[in-house]
Amino acid sequence: MSQMQPDPIDVTVVFLEMKAPPSSYPPAPYNRQIALLKTGNTPLHYYRYLTDRVGRKWHWVNSLRKSDEELAAELHREGREISVLYLDGAPAGFFDINRISPEISDLAFFGMMEHAMGQGLGRWFLGAAIAACWATRPQLVTVQTCTLDHPAALPLYQKLGFTPVGQSRETIQPMSFEERSDSVMR
């Protein structure tokens, strides 16, 4: 039995940038078993799993719709850096940095899985992502968020030093369960 394609959703995308690293970063939470590990040559199935588990509620679909060849070309090129947050030994979130040029690092994806939300990890985790973006000493760090993302996303980006520089209107075509399943189980 085939499912109907979900209706498109109109969103407002907000583009943000940071022109200098913060003077300090949020401290790591204490009394928590957390680890942040940079992946090497990230397997496509694992990236799709992370994208699905972190972004399902927020309609992160672009990476999931790419062919294996397209996704591998993006993920495995020089300048791409993916780090995974672990909480109590299990994946709990990730961030994906796209070093567009020596001058620009883009925080392409950042998010946590639902079981990790509301536990005081988000601010520290975003700080760790921002520190990783600045590690190669670019002149600019960029990120974008949209009206489908967690309501705390935009205020948190701003609180940690990003400034909105523009916005656009886009339409997202959500994935049906079948399409998502085909992508993640590939």
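So, R65: in this predicted model it's partly exposed, with a relative accessible area of 34%. Its side chain meets that of E179 in a salt bridge, 2.7 Å from N to O. E179 is partly exposed as well, at 25%. What does the pair tie together? E179 lies in helix α5 and R65 in the loop between α1 and α2, so the bridge joins parts that are 114 residues apart in sequence.

While we're on shared partners, have a look at D52, R53, R56 and R180: salt bridges join these into one network. One of the pairs there is R180 with D52, again 2.7 Å, N to O. Here R180 sits in helix α5, residues 177-184, and D52 in helix α1, so this contact ties together parts 128 residues apart in sequence. Buried or exposed, then, for R180? R180 counts as buried, because its relative accessibility is 8%. D52 comes out at 2%, so D52 counts as buried too.

One more pair before I move on. E114 and K57 meet through their side chains in a salt bridge of 3.9 Å, N to O. This one also links distant parts of the chain, with E114 in the loop between β5 and α3, and K57 in the loop between α1 and α2, 57 residues apart. E114 counts as exposed, at 54% relative accessibility. And how many salt bridges does the model have by this rule? The count comes to 11.

E114 and K57 both turn up again in the second largest pocket, where they're part of the lining along with R53, V54, R56, W58, M112, M113, H115 and M117. About 180 Å³ of space lies in there. By class, you get five nonpolar, one polar and four charged residues.

Now the largest pocket. That has about 1,100 Å³ of space. There are 50 residues lining it, and the closest to its centre are W60, F110, Q144, D149 and Y157. Which element supplies the largest share of the lining? β5 does, with seven residues. The elements that each supply at least two are β1, α1, β5, α3, β6, α4 and β7, the last of these being residues 163-172. As for chemistry, the lining divides into 26 nonpolar, 15 polar and nine charged residues.

Okay, on to the cores. In soluble globular proteins, nonpolar side chains tend to be buried together. The largest nonpolar core here has 27 residues, and those with the most contacts inside it are F95, L107, F110, Y157 and F162. So F110 and Y157, which I just listed by the centre of the largest pocket, are back again in this core. Elements giving two or more residues to the core are β1, β3, β4, β5, α3, β6 and α4. Which of them gives the most? That's α3, with eight residues.

Let me zoom in on F95. Leaving out residues up to four places away in sequence, F95 touches L36, E81, I82, S83, L107, F109, F110, F125, A128, A129 and A132. There's also a second, separate core of 14 residues, and W58, W60, V84 and F109 are among them. Notice that F109 is in this second core, and F109 is also one of the residues that F95 touches. W60 you've met by the centre of the largest pocket, and W58 in the lining of the second largest.

That's what I have, happy to go back to any of it.

How values were computed: Residues are numbered from 1 along each chain as its sequence is written. This is a predicted model: local features need pLDDT of at least 70, side-chain atom pairs count only at pLDDT 80 or more; totals for chains, interfaces and linings use all residues. Side-chain values use heavy atoms; hydrogens and water are left out. A nonpolar core is a set of buried Ala, Val, Leu, Ile, Met, Phe, Trp, Tyr and Cys residues joined through side-chain atoms within 4.5 Å. Buried means under 20% relative accessible area, exposed over 50%, partly exposed in between (1.4 Å probe, protein chains only). Helices (H or I, at least four residues) and strands (E, at least two) are DSSP runs, numbered from the N terminus. Contact means heavy atoms within 4.5 Å. On a 1 Å grid over the protein atoms alone, a cavity is a set of points where a 1.4 Å probe fits but cannot get out, and a pocket is an open set with protein on both sides within 12 Å along at least five of seven lines; lining residues have an atom within 4 Å of a point. Grid points are joined across faces, edges and corners, and a volume is the space filled by probe spheres set on the points. Ala, Val, Leu, Ile, Met, Phe, Trp, Tyr, Cys and Pro count as nonpolar, Asp, Glu, Lys and Arg as charged, and the others, Gly among them, as polar. A salt bridge is a side-chain nitrogen of Lys or Arg within 4 Å of a carboxyl oxygen of Asp or Glu.
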